[in-house]
Amino acid sequence: MTAAASHHHFMTLALRLAAKGRGKTSPNPMVGALVVRNGRIVGRGHHRGPGQPHAEILALKQAGRRAKGATLYVTLEPCCHLLKRTPPCVPAVVQSGVRQVVVAMTDPNPMVKGRGIAALRRAAITVTTGIAREEAAQLNRAYLHWVRTGRPYVTLKAGMTLDGKVATATGESQWITGPRARHDVHRIRSQADAVIVGVGTVLKDNPLLTVRLAADPRRPVPRQPLRVVLDSTLRTPPSSTVCAMQDRVKSLIVTTNRASLSRRRLFERAGVEVVSLSTKKGRVSLPALMTMLGRRGITSVLVEGGSTVNAAALQEKLIDHVVLYLAPTLMGGQDAKAVIGGRSPKRLAQALQLRHVTVRRIGDDVVVEGDL
């Protein structure tokens with residue numbers, strides 16, 4: 001095996017390790033590390049969550065003395081700054097005695113951004129970069145987007161009929177897709193920092209918006225996304241399930257100055273946080289919402305909000321990724337709710353084009369995904 005092929009092989013294994021942290025590390029990136037000596041892995045580690053040891057530290061600790069003269073593979077540039085909960089990794093890497101460090105990609109975080117690699121080279125360690133860079137960037141696309149823009153990476157998810165309907169004219173929507181597709185929604189929800197719906201969805205469906213991957217639906221998993229409700233006049237009933245379980249699953253109701261102070265106090269007494277933002281056409285400004293969530297360390301968002309919210313988010317060019325679950329049914333009727341509300345464009349050329357499209361079967365349904 002050539003050196004390049006060997007590097008790619010071990011980096012692929014390190015990326016698989018990193019992916020074990022999916023849905024657990026935010027606002028930190030997922031990172032995996034391997035220590036390899038004479039072609040054998042002698043240390044493994046992946047970042048498990050904020051405040052926990054970084055992947056490099058875990059791999060070097062497992063390797064112990066065998067790290068001397070070895071090669072360290074790491075999926076993201078080691079950190080060298082002090083503004084975090086754990087010690088910087090570069091000094092530990094230098095002290096371990098590794099001869100070479102192979103890095104998939106530099107960290108775009110302004111506090112790192114090449115400084116970790118430069119510090120390793122100053123310590124006479126050979127550093128190779130760019131091995132499996134695209135795969136590493138894809139794994140941490142939410143983190144990279146958040147660092148670059150200050151806003152979370154936004155995925156729009158919807159379940160619909162083959163002709164693009166999400167509800168009948170009377171509002172009936174449960175359930176268009178099958179049980180396996182609905183379970184898959186919980187998987188992608190578990191990877192998001194926040195879930196966004198409009199108040200219309202709350203009033204119609206009274207959704208829990210929790211991640212329920214266990215057999216017992218009343219037992220949500222420990223790490224839950226923040227439940228965000230867009231409600232410009234505070235029509236959300238304080239008795240709704242989105243206001244329940246605040247000790248385990250937090251909710252944030254985003255409103256405007258159109259909402260009364262007395263209504264706000266109702267939610268605050270129930271332990272539900274209410275934030276007022278600027279308006280756009282009478283509704284909550286979605287760009288202001290994303291900026292606010294980004295400042296809170298929310299790196300990824302799942303929009304599950306119904307046709308009105310879907311249309312607004314797309315119009316504002318805030319959607320980065322789309323996941324559509326298509327049931328093999330035809331509803332028909334122009335009065336049925338379409339997956340994207342609002343007005344259609346005047347010309348076909350104005351339609352949004354998905355990139356990097358993938359299609360998969362799940363039960364009787366089909367999942368179409370793509371980037372915008």
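A residue counts as buried when its relative accessible area is under 20%, as exposed when that area is over 50%, and as partly exposed in between. The exercises below use this cut-off on a predicted model.

**Exercise 1. Which residues of helix 11 are buried, and what covers them?**

Step 1. Apply the cut-off of under 20% to the residues of the helix. In helix 11, those that pass are S307, V309, N310, A311, A313 and L314.

Step 2. Look for what lies over these residues. The cover of the buried residues of helix 11 includes strand 6, strand 8, strand 9, strand 14 and strand 16 (337-338), together with helix 10.

Step 3. Check the end of the helix. K317, just after helix 11, has a positive phi of about 60°.

**Exercise 2. Describe the largest cavity: its volume, its lining and the helices that contribute to the lining.**

Step 1. Count the cavities. There is 1 cavity of 30 Å³ or more, and the largest cavity holds about 40 Å³ of space.

Step 2. List the lining. It is made up of I196, L230, L286, M290, V303, V309, A313 and L318.

Step 3. Sort the lining by type. The division is 8 nonpolar, no polar and no charged.

Step 4. Assign elements. Helix 10 (286-295) and helix 11 (306-315) each give at least two residues to this lining. V309 and A313 in the lining are also among the buried residues of helix 11.

**Exercise 3. In what order do the strands of the 9-strand sheet run, and which strands are at its edges?**

Step 1. Read the order across the sheet. The open sheet runs 11-10-9-8-14-6-15-18-17, with mixed pairing.

Step 2. Find the edges. Strand 11 (273-276) and strand 17 (355-362) each pair on one side only.

Step 3. Note the twist. Neighbouring strands are turned by 20° against each other on average, with direction ignored.

Step 4. Take one pair from the sheet. Strand 6 (residues 153-161) and strand 15 (residues 321-327) are parallel and share 7 bridges. Within this pair, T161 is opposite A327.

Step 5. Add the packing helix. Helix 10 touches strand 6, strand 8 (194-198), strand 9, strand 10, strand 11 and strand 14 (300-303), and its direction makes about 160° with that of strand 9.

**Exercise 4. Why is one side of strand 2 and of strand 5 left without a neighbour in the 5-strand sheet?**

Step 1. Recall how a sheet is held. Strands of a sheet pair through backbone hydrogen bonds, either parallel or antiparallel.

Step 2. Write the order. The 5 strands form an open sheet in the order 2-1-3-4-5, and the pairing is mixed.

Step 3. Draw the conclusion. Strand 2 (40-46) and strand 5 (126-129) are at the edges with a single partner strand each, so one side of each has no neighbour in the sheet. The twist from one strand to the next averages 15°.

Step 4. Look at an inner pair. Strand 3 (residues 71-74) runs parallel to strand 4 (residues 100-103), and 4 bridges join them. The bridge partner of Y73 in strand 4 is V102.

Step 5. Place the helices. Helix 2 (residues 55-63) packs on the sheet, where its contacts are strand 1 (32-37), strand 2 and strand 3; its direction makes about 140° with that of strand 2. Helix 4 (residues 115-122) lies across strand 4 and strand 5, at about 150° to strand 5.

**Exercise 5. Classify R189 and R248 as buried, partly exposed or exposed.**

Step 1. Take R189, which lies in helix 7 (residues 179-190). Its relative accessibility is 7%, so R189 counts as buried.

Step 2. List the surroundings of R189. Apart from neighbours within four places in sequence, R189 contacts V195, L209, T210, V211, R212, P225, L302 and E304.

Step 3. Take R248, in the loop between strand 9 (226-230) and strand 10 (251-255). R248 has a relative accessible area of 48% and is therefore partly exposed.

Step 4. Compare sequence and space for R248. Q224 is 24 residues away from R248 in sequence, and their C-alpha atoms are 8.0 Å apart.

**Exercise 6. Which element gives the most residues to the lining of the second largest pocket?**

Step 1. Start from the pocket. Its volume is about 1000 Å³. Of its 42 lining residues, Q138, L139, R141, A142 and Y153 are the closest to the centre.

Step 2. Compare the contributors. Elements giving two or more residues include helix 5 (133-139), helix 6 (141-149), helix 7 and strand 18 (365-371). Helix 6 gives the most, with 6 residues.

Step 3. Sort the lining by type. It divides into 15 nonpolar, 14 polar and 13 charged residues.

Conventions. Residues numbered from 1 in each chain as written. Predicted model: local features only at pLDDT ≥ 70, side-chain atom pairs only at ≥ 80, totals over all residues. Heavy atoms only, no water. Pairing = 2+ DSSP bridges. Axes fitted to C-alpha atoms, helices over the stretch in contact; angles between N-to-C directions. Contact = heavy atoms within 4.5 Å. Buried < 20%, exposed > 50% of the residue type's maximum accessible area, 1.4 Å probe, protein only. 1 Å grid on protein atoms, 1.4 Å probe; cavity = no way out; pocket = protein on both sides within 12 Å on 5 of 7 lines; lining within 4 Å. Points joined across faces, edges and corners; volume = space filled by probe spheres on them. Nonpolar A, V, L, I, M, F, W, Y, C, P; charged D, E, K, R; others polar.
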